[in-house]
There are 4 protein chains.
Amino acid sequence: MSGVVGIYSKERNNVSNIIYYGLYALQHRGQVSTGIAVNNNGFVDYFKDLGLVHEVFPKETMERLRGNIGIGHIRYATTGDTTTVNAQPLVVGYRKGALALAHDGAVVNFEKLRDGLEDQGAIFQSELDTEVIANLIARYHKDNIEDAIIKALDDINGTYGLVIMTTDKLIGARDQYGVKSLSIGKLGEDYILASETCAFDTIGAEFIRDVEPGEIVVIDENGLESIRRKSYDKKLCLFEIIYFARPDSKLDNKSIYLSRIEAGKQLVVESPVDGDIVIGAPDSGTIPAIGYAEGSKIPYAEGLIKNRYVGRTFIQPTQELREQGVRIKLNVLKENVEGKRVILVDDSIVRGTTIKRTIEMIKNAGAKEIHVRISSPPVLHPCYLGMDTPTRENLIAAQMSKEEIRKLIGADSLEYLSLEGLLKAAGGCEFCTGCLDGNYPIHKE
Amino acid sequence: MSGVVGIYSKERNNVSNIIYYGLYALQHRGQVSTGIAVNNNGFVDYFKDLGLVHEVFPKETMERLRGNIGIGHIRYATTGDTTTVNAQPLVVGYRKGALALAHDGAVVNFEKLRDGLEDQGAIFQSELDTEVIANLIARYHKDNIEDAIIKALDDINGTYGLVIMTTDKLIGARDQYGVKSLSIGKLGEDYILASETCAFDTIGAEFIRDVEPGEIVVIDENGLESIRRKSYDKKLCLFEIIYFARPDSKLDNKSIYLSRIEAGKQLVVESPVDGDIVIGAPDSGTIPAIGYAEGSKIPYAEGLIKNRYVGRTFIQPTQELREQGVRIKLNVLKENVEGKRVILVDDSIVRGTTIKRTIEMIKNAGAKEIHVRISSPPVLHPCYLGMDTPTRENLIAAQMSKEEIRKLIGADSLEYLSLEGLLKAAGGCEFCTGCLDGNYPIHKE
Amino acid sequence: MSGVVGIYSKERNNVSNIIYYGLYALQHRGQVSTGIAVNNNGFVDYFKDLGLVHEVFPKETMERLRGNIGIGHIRYATTGDTTTVNAQPLVVGYRKGALALAHDGAVVNFEKLRDGLEDQGAIFQSELDTEVIANLIARYHKDNIEDAIIKALDDINGTYGLVIMTTDKLIGARDQYGVKSLSIGKLGEDYILASETCAFDTIGAEFIRDVEPGEIVVIDENGLESIRRKSYDKKLCLFEIIYFARPDSKLDNKSIYLSRIEAGKQLVVESPVDGDIVIGAPDSGTIPAIGYAEGSKIPYAEGLIKNRYVGRTFIQPTQELREQGVRIKLNVLKENVEGKRVILVDDSIVRGTTIKRTIEMIKNAGAKEIHVRISSPPVLHPCYLGMDTPTRENLIAAQMSKEEIRKLIGADSLEYLSLEGLLKAAGGCEFCTGCLDGNYPIHKE
Amino acid sequence: MSGVVGIYSKERNNVSNIIYYGLYALQHRGQVSTGIAVNNNGFVDYFKDLGLVHEVFPKETMERLRGNIGIGHIRYATTGDTTTVNAQPLVVGYRKGALALAHDGAVVNFEKLRDGLEDQGAIFQSELDTEVIANLIARYHKDNIEDAIIKALDDINGTYGLVIMTTDKLIGARDQYGVKSLSIGKLGEDYILASETCAFDTIGAEFIRDVEPGEIVVIDENGLESIRRKSYDKKLCLFEIIYFARPDSKLDNKSIYLSRIEAGKQLVVESPVDGDIVIGAPDSGTIPAIGYAEGSKIPYAEGLIKNRYVGRTFIQPTQELREQGVRIKLNVLKENVEGKRVILVDDSIVRGTTIKRTIEMIKNAGAKEIHVRISSPPVLHPCYLGMDTPTRENLIAAQMSKEEIRKLIGADSLEYLSLEGLLKAAGGCEFCTGCLDGNYPIHKE
C-alpha cells in the first residue's frame with residue numbers, strides 16, 4: 001500500500017507545496033518514506049528520504065523544488081527498508097529525456113519481467129516494481145509516450161494507481177480491474193490526481209471523478225485527454241473500505257465513513273448481543289462501534305484512551321517493565337467498563353495479538369463480559385496485489401477456528417460480519433475480496 | 001500548566017525509565033520542554049531540553065541517567081521559550097549538597113520575593129518561579145530540609161504541585177488550597193508522585209491517594225511520612241476537569257471522563273435543541289458531545305476528521321493556499337453534515353478563532369443549521385495561578401455578549417453550561433472557579 | 001578527481017573498517033560524498049551520503065556493514081552535487097547478481113555510449129560515467145565477469161582507476177595510458193587496492209606494486225591474477241605530482257614529496273631572485289617553498305598562518321565585513337614579512353584569485369617586495385580526463401600574458417617553472433601534460 | 001584555558017558576527033563549548049552549546065543574536081563536560097538587571113568563596129569559577145558596577161582575563177599579575193577586547209594595547225575609561241609562548257612566532273647535535289624546528305604528514321587494527337628519514353606518550369638516529385592557575401630522569417632548552433614559570 005499525488009499547472013511554479021499537503025493527507029497510507037519530483041521547464045528535480053512528510057521536507061528543500069508539474073509518493077513500511085533506495089518517485093533518464101514515476105500497487109509477473117530485461121542487459125538499482133515499469137517504457141521509446149506506456153502496461157500483470165511525469169505531461173493510469181484507486185480533482189484550472197479524495201479536500205481542490213479501470217489520463221497544456229484500454233468488472237480492494245482509506249475519503253463514489261457505520265449496523269442485524277456499552281478498538285474500530293451503538297440502541301462510550309504523542313523514536317519498555325504492566329499507547333477507562341457487559345467492536349482481526357492485549361486490559365479493569373464484534377469477515381488469504389498482509393502462517397483466521405480464536409483472545413463471544421453483510425454495507429459487489437474468499441481477479445502465473 | 005513526576009526506590013537503579021513513561025503519560029500537559037534528574041548514590045545527574053519526551057531522551061541519554069531517586073518535568077509552551085534555560089527540573093547546589101525541583105504552579109508574589117533575594121545579593125539564571133523557591137530553601141539551610149521547605153513555602157503566596165529531590169529523599173508538596181493536583185502511587189515497594197493518575201496506569205503502578213492541600217510528603221528509606229501545614233477548603237482548578245487533564249485520570253477522586261459526559265448531559269437539561277446529529281469539536285469536544293447525544297437521544301456522529309500526523313516542524317501554508325481553502329489539520333465529513341441540523345459541542349470558547357473556522361467548514365459542507373453547545377461557562381478572567389489563559393483583551397467572552405459571539409462565529413444558536421450545572425457535573429464545590437466568576441482563592445498583592 | 005579503495009579478505013568479516021581508514025587517508029581527493037559497499041557471503045550492503053568520511057559513517061552504520069570483500073569511494077565536489085544520487089560506489093543488480101563499482105576517472109565517449117544504450121532501452125538514474133560502465137558490463141553478462149569487463153572497457157575511451165566488487169571477487173582496472181593511478185597493497189594475506197599508497201600506510205598495509213596501464217587484477221580465494229590488455233606509454237596525470245596527491249604517497253614509484261622539493265630547487269636554477277625569506281602559500285606551496293629555500297640558501301619561514309578549524313558549515317562574512325578586512329582562513333605573520341623582500345612560492349596558478357588576495361595581505365603587512373615563483377608551468381587547457389579544472393575562460397594563463405598576470409596579482413616579479421624543469425623534478429616523461437601543453441593521450445571524438 | 005572576546009559598538013547592531021569570527025580565531029584555545037551573549041537595547045539574549053564555533057552557531061541563531069554590545073567565550077575540554085551547563089558566557093539577572101560574564105582563568109580560593117556564599121544562602125547551578133564571581137558582584141549591587149567589580153575581584157585570589165557585559169557597558173579586567181592575557185583593539189570607532197591579538201587580525205581590527213595587570217577597562221558611549229587596581233610585576237603564563245597562543249598573535253607585545261623561532265635557535269646554542277635533517281613534531285614543533293634548522297644550518301624538512309580531515313566523531317580504530325599499525329592522524333615521510341640522522345624538535349613533553357609513538361614511527365621508516373630537542377624545560381609542576389596540565393603523577397618529567405625518559409621514548413639523545421634560554425628567547429622575565437620551576441606568583445591557601 002502506498003499513496004500517490006500528481007499535479008499539472010499552467011500557471012503555478014510551486015506545485016510542490018500542493019503535493020506536500022496532498023501527501024500529508026495521505027500519510028496514513030504509509031510512513032516509511034516519501035518523495036516529491038517536480039518539472040521546472042524541462043528540468044526535473046526531486047527529493048526523497050525515509051520519514052514522514054514533515055520530517056523529510058524542511059522549508060529549504062521545499063523552496064528548492066520549483067516547477068509546474070509534479071508528482072509525490074508515500075511509502076508503506078515493509079521489512080528491511082532501511083535505505084532510501086526504495087523511496088519513490090523513481091526518477092530516470094531515458095532516450096526521450098526525464099521520466100518520474102510514483103506507483104501504488106504490485107506487479108505480479110515482476111520476476112519474469114525483470115529476468116527478461118536482465119537478459120537484454122538491464123541493470124537494477126532498487127527492489128521496486130516501478131523500476132521494471134520504467135525499463136519497459138524506455139524499451140518502447142520509439143513510440144510516443146502514450147503508446148510506450150500502453151505497451152509497458154500491457155506487459156504487466158498486476159495492479160496500479162500510477163502517476164507519471166514527463167518533461168511536459170502528467171499521466172495517470174489505473175489497473176484494468178481498478179483494484180487500486182486513483183481520482184481526478186481540479187484546483188482552479190489545474191488538474192490533480194490522488195489515491196484518495198481526502199487529498200483534494202485538504203488542498204481545497206474539487207473532486208471531478210475517479211479514473212476508470214484500464215483508463216489512462218494524459219494531462220498537458222491542452223487539458224485532460226482520456227485513453228481507454230480494455231477493462232474488466234471493477235474490483236476495488238475491499239480493505240480500503242474496511243481499514244485502509246481515510247474515513248473522509250470517497251473511493252469510486254462510496255463514502256468510507258458511511259460504509260463503516262453501515263457495517264456496524266449490519267453487524268447488529270447479523271450478531272446482536274445484550275450489553276451495557278459499545279466501545280471501539282482505537283482507532284479503526286471507532287466508526288463501526290458508533291454504527292453498532294446506533295443500530296442496537298446500546299450507549300456508545302469511549303473505553304480506551306490513546307496517547308497522542310507516541311513518536312517513531314520512542315524507547316520501547318524493557319521486558320521487566322512490560323511485565324509490571326506498563327501501558328504506553330493505550331489506557332482503559334476503568335469507570336466506563338467496570339462491572340459492565342462491554343461490546344468491543346473492531347474493523348478486522350489479522351494476527352490477533354493487539355485485540356488479545358486490549359481485551360486483557362479491559363478485563364483487568366473489571367468488565368463483567370466482553371463481546372467482540374468484527375465489522376468484516378475473517379482474513380484467510382495473503383494478498384499479492386499490493387496490500388501488506390502477513391503470510392498465511394500469521395493470519396490467525398487461516399490457522400484457527402472462530403471458537404479457538406475466541407478462547408485465545410479471551411472474549412465471551414466473538415462474531416464476524418459476513419461477506420454478504422459487508423458488501424451490502426459497502427453498497428455493491430465491485431470489490432476484490434481475495435483476502436476474504438480467495439477470489440483474486442489477477443492470478444499468479 | 002506543567003506536569004511533574006517523582007519516584008523513590010529502594011531497589012531499582014533505573015528509575016529514569018519509569019519517569020520517562022510517566023512524563024510521556026503527562027505529555028498533554030505541555031510540549032515545550034522536558035527534563036529528568038536522578039540521584040545515583042548522592043551523585044545527581046540530569047538532562048533537559050526543548051521538545052517532546054521521545055525527542056529529548058534518546059536511548060543513550062536514558063542509559064546515562066542511572067539512580068534510585070528521580071524527578072521529571074513537562075513544560076507547557078509560553079511565549080519566548082526558545083532556550084533550554086527555563087526547562088525543569090531545576091538542579092542546584094547549596095550548603096547541604098544537591099537539590100532538584102520540578103514545579104507545576106505559579107508564585108503570585110514572585111517579583112516581591114525575587115526583589116528581596118536580589119537585595120541580599122542573589123543572582124537568577126532563569127525566569128522560573130522555581131528558582132525563587134530554590135533560593136528560599138537554600139536561605140534556610142541551617143534547618144533540616146523539611147523545615148527549610150516549610151519555611152520557604154510559608155514565604156510563598158501561590159499554587160504548586162511540587163516534587164523535590166535531595167541526595168537521599170523525595171519530597172512532594174501541594175499548595176494550601178489544592179489548586180494544583182498531586183497524587184501518590186506505588187509500584188511494588190516504590191513510591192511515586194505524579195500530577196495525574198494516568199501516569200500511574202501507564203507505568204503499571206497502583207493509585208494510593210491524593211496529596212492533600214497543604215500537605216508535604218517525605219519519602220526516604222523509612223517509607224512515607226506526612227507533614228500537614230495549615231490548609232483551606234479545597235479549590236482544585238476547574239479547568240483540569242473541563243479541558244486540561246486526561247480523560248482517564250482521576251483528580252481528587254473525580255473521574256475526568258465521567259465529569260465531561262455529565263457536563264454534556266447537563267447541557268441538554270439546560271439548553272436542549274432540536275437537531276439531526278451531535279458532533280464534537282476535536283479533540284476536547286468529543287466526550288461532552290457523547291454525553292449530549294446520550295442525554296438528548298440524538299445520534300452521535302463524527303463530523304470532523306483530524307490528521308494524526310501533524311508534526312511540530314510542519315510547513316505552514318502560504319496565505320494564497322489558505323485562501324484557496326487548504327485544510328491541514330481537520331477535514332469535515334460532508335456526508336454526515338450535508339443537509340443536517342448539526343449540534344456542535346465543544347468544551348470551552350477562549351479566543352473564539354478555532355470554533356469560527358470549524359463552523360465555516362461545516363457550513364461549506366452543506367449543514368442546514370449549526371447549534372453550538374459549550375460544556376462550560378464563558379471564560380471571563382485571565383488566570384494568574386498557573387493556567388496559561390490569554391489576557392482579558394483576548395478572552396472573547398470578556399469582550400462581547402453571547403449574541404455578539406454567536407454572530408461572529410456564525411452559529412444558529414449558542415449556549416453555555418451554567419457554573420452551577422458544571423459544578424453539579426463535576427460533583428461538588430471544591431474547585432477554583434476564578435476564570436469563570438473571578439473568585440480566586442489566592443489574591444494578588 | 002576521486003579516490004577508490006578495495007579489499008578482499010579470506011578471514012576478516014569487517015573489511016569495512018579498513019576501507020573507512022583507507023578512505024579517510026584519501027579524503028584530500030574529494031570532500032563532497034563518500035560510500036562503502038561490502039559483500040557478506042553474497043549479500044551486498046552499502047551506504048553512501050554527502051559529507052566527509054567521519055560524518056557519513058557513524059558507528060552504527062559501520063557495524064551494519066559487515067563482509068569480507070568491500071570497496072569504497074571518495075567524491076570530489078562538482079557543481080550541483082546536492083543529492084546523494086551521484087555518490088559512489090554504484091551498486092546494481094544484473095543477470096549474474098550484485099555488482100558494485102567505484103571509479104576515479106572520466107569516460108570521454110560517455111554521451112555516445114549512453115545514447116547507444118538508451119537506444120536499446122536503458123534507463124539512467126545518475127549522471128555518473130560509472131553507470132555507463134555498469135550497463136556495458138551487464139550487456140556482456142553471457143561472458144564470464146573478466147571477459148565482460150574487458151569488453152566493456154574496450155568500448156570505453158577514457159581514464160579510470162576502477163575497483164569492482166562481484167559476489168565473490170574484487171577486480172581492479174587501470175586505463176591503458178595509466179592516466180589514473182591504482183596501487184596494490186597487502187595487509188597480512190589480504191589484498192588491497194587504492195588510488196594512493198598513503199592509504200596503505202594509514203591502515204598498516206605493505207605496498208606491493210602499482211597496477212600497470214591496461215592491467216586488470218582479479219582477486220579471489222585463489223589470490224591475485226593479472227590480465228594484461230593492450231597498453232601504451234604511461235601518461236600519469238602530472239597534476240597528481242604538482243598538487244593533487246598527498247606528499248607522503250608514491251605514485252608509480254615516484255615520491256610526491258621529493259618531486260615537489262625538487263621542483264622548488266629547479267625553480268631556483270631557472271628563476272633565481274634576491275630575497276630575505278622564502279614562504280609558501282598554504283598548504284600546497286609549503287613543500288616547493290622548502291625546496292626553493294634549500295636551493296637558494298635563503299631562509300625558509302612561515303608567512304601565513306591558517307586557521308585549522310574552518311568547517312563546511314562556517315558562516316561566510318558579509319560584504320561589509322569583507323571590506324573591513326575580515327580574514328577567516330589565513331592570517332599573515334607580520335613580523336616575518338614587514339620590511340622584507342619576500343619570495344612567495346606556490347604550486348600553481350589556476351584562476352589567480354587566491355594568490356591575488358594573499359599578495360595583498362602580505363603587502364598590507366609591510367613587505368618591501370614580493371616575488372612569486374610557481375613550481376609548475378601555466379595551466380592553459382581545461383582537462384577532460386577527470387581533473388576538475390575550470391573552463392578556458394576561467395584559466396587565467398589562457399587569457400592573459402605573464403606580465404598581465406603579474407600586474408593583476410600585484411607581484412614585483414612572477415616566474416613559472418618550465419615543463420622541462422618540472423618533468424626533470426618529477427623524474428621522467430611518463431606523464432600526461434595535457435593541461436600544460438595540450439598534448440592529451442586520449443582525444444575527444 | 002579558554003578564550004574571550006568582547007565588543008562595544010555605537011552604530012552596529014550585529015556585533016555577534018564580529019564575535020563569531022573573533023571566537024573562531026581563538027578556537028585553538030578550546031574546542032569543548034562556546035557561547036555568545038548580546039545586548040540589544042537592554043534586552044540580553046544568548047546562545048551557548050557544546051561544539052566548535054561553526055557547529056554551535058548556524059545562520060538562524062546568528063540572525064537572532066542582535067545587539068550593539070556582546071561577549072563570547074571558547075571553552076577548553078575538561079573531564080566530564082558532557083552538558084552545556086558549564087558553557088560560558090554566564091548570563092544572570094541581579095538587582096541591577098542583566099549581567100553576562102566570560103572568563104579565562106582560575107579562582108584559587110574558589111571553594112572558600114563558594115562556601116561563604118552558600119552560608120548566606122546562595123545556590124549554584126554550575127561548576128564554574130565564574131558563577132562565584134557573578135555572585136560576588138551581585139553581593140555588592142549597592143555600589144555602582146565598577147566598584148562592585150573591584151570589590152568582587154578584591155575577594156578573589158586567582159587569574160583572569162575577564163569580559164563583563166552589563167545592559168550599557170562592556171568591561172574588561174586582567175588579574176594583578178597579568179598571568180592571563182587580554183588585549184584592546186579598535187574596529188573603526190568600536191572597541192574590542194580579546195584574549196589574543198590574532199582575533200583582531202581576523203576581524204580586520206587594529207591592535208591598540210594590552211590591558212595591564214590589575215587594570216579594569218570600562219567601555220560605554222563615552223569611550224574607554226581605565227581603572228588601575230594594585231598590580232605586581234607582570235607574570236604572563238609562559239606556556240602561552242611555548243604552546244598555547246597562536247603563532248600570529250602578540251601577547252604583551254611579544255611575537256609568539258619569533259619567540260618560538262628564537263627558542264629553536266637557542267636550543268642549537270645549548271644542545272647542538274650532528275644530523276642530516278631537522279623535522280618538527282606536528283603541529284607545535286614546526287616553528288622551533290625551523291628555528292633549529294636556521295641556527296644549525298642543517299636542512300629543514302617535513303618528516304610527518306598530518307591528515308587534515310580528522311573530525312570529533314571519527315571512529316577510533318580497534319585494538320586489533322592498532323596493533324596492525326593503523327595510523328590515523330600522522331604518516332611518516334619515509335623518503336625524508338630513511339637512513340638519515342634525524343633531529344626531531346618539539347615544543348614540550350608533558351606525558352611523553354605522543355612523542356614515543358612518533359619516534360617509533362620514524363624509526364620504523366628507517367631513520368639511522370633520532371635526536372630529540374625540546375624547546376622548553378621539563379614540565380615538573382601541575383598548574384592551578386588555569387592551564388589544563390595533568391597531575392604530578394602524569395607529568396613524566398616529575399617522575400623520571402632525563403635519561404630514563406630518553407630510553408622510554410627510544411631517542412638516541414634528548415635535550416631540553418634551559419629556563420634561561422627560554423626566557424632569553426621570549427625576551428624577558430615577565431613570565432609565570434610555575435610549571436617549570438614551581439615559582440607561582442599566586443599561592444594556594
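Q: Is Arg246(B) buried or exposed?
A: This is a predicted model. Buried means under 20% relative accessible area. Arg246(B) has 9% relative accessibility, so this residue counts as buried.

Q: Which residue meets Arg246(B) in a salt bridge?
A: A salt bridge needs a side-chain nitrogen of Lys or Arg within 4 Å of a carboxyl oxygen of Asp or Glu. Here the N to O distance is 2.7 Å. The partner counts as buried, at 5% relative accessibility. This partner is Asp248(B).

Q: How many residues apart in sequence are the parts that Asp252(A) and Arg174(A) tie together?
A: Asp252(A) and Arg174(A) form a salt bridge, with their closest N and O atoms 2.8 Å apart. Asp252(A) sits in the loop between strand 15 (250-251) and strand 16 (254-255) of chain A, while Arg174(A) belongs to strand 8 (residues 170-174) of chain A, so the parts that the pair ties together are apart in sequence by 78 residues.

Q: What is the relative accessible area of Arg174(A)?
A: Asp252(A), its salt-bridge partner, counts as buried at 9% relative accessibility. Arg174(A) is buried too, and its relative accessible area is 0%.

Q: Which helix of chain D holds Arg64(D), the partner of Asp45(D)?
A: The side chains of Asp45(D) and Arg64(D) form a salt bridge at 3.0 Å, N to O. Asp45(D) is buried, at 15% relative accessible area, whereas Arg64(D) is partly exposed, at 29%. Asp45(D) lies in strand 3 (residues 43-50), and the pair ties this strand to the element holding Arg64(D), which is helix 3 (residues 59-64).

Conventions. Residues numbered from 1 in each chain as written. Chains lettered and ligands numbered in written order. Predicted model: local features only at pLDDT ≥ 70, side-chain atom pairs only at ≥ 80, totals over all residues. Heavy atoms only, no water. Helix = DSSP H or I, 4+ residues; strand = E, 2+ residues; numbered from the N terminus. Buried < 20%, exposed > 50% of the residue type's maximum accessible area, 1.4 Å probe, protein only.
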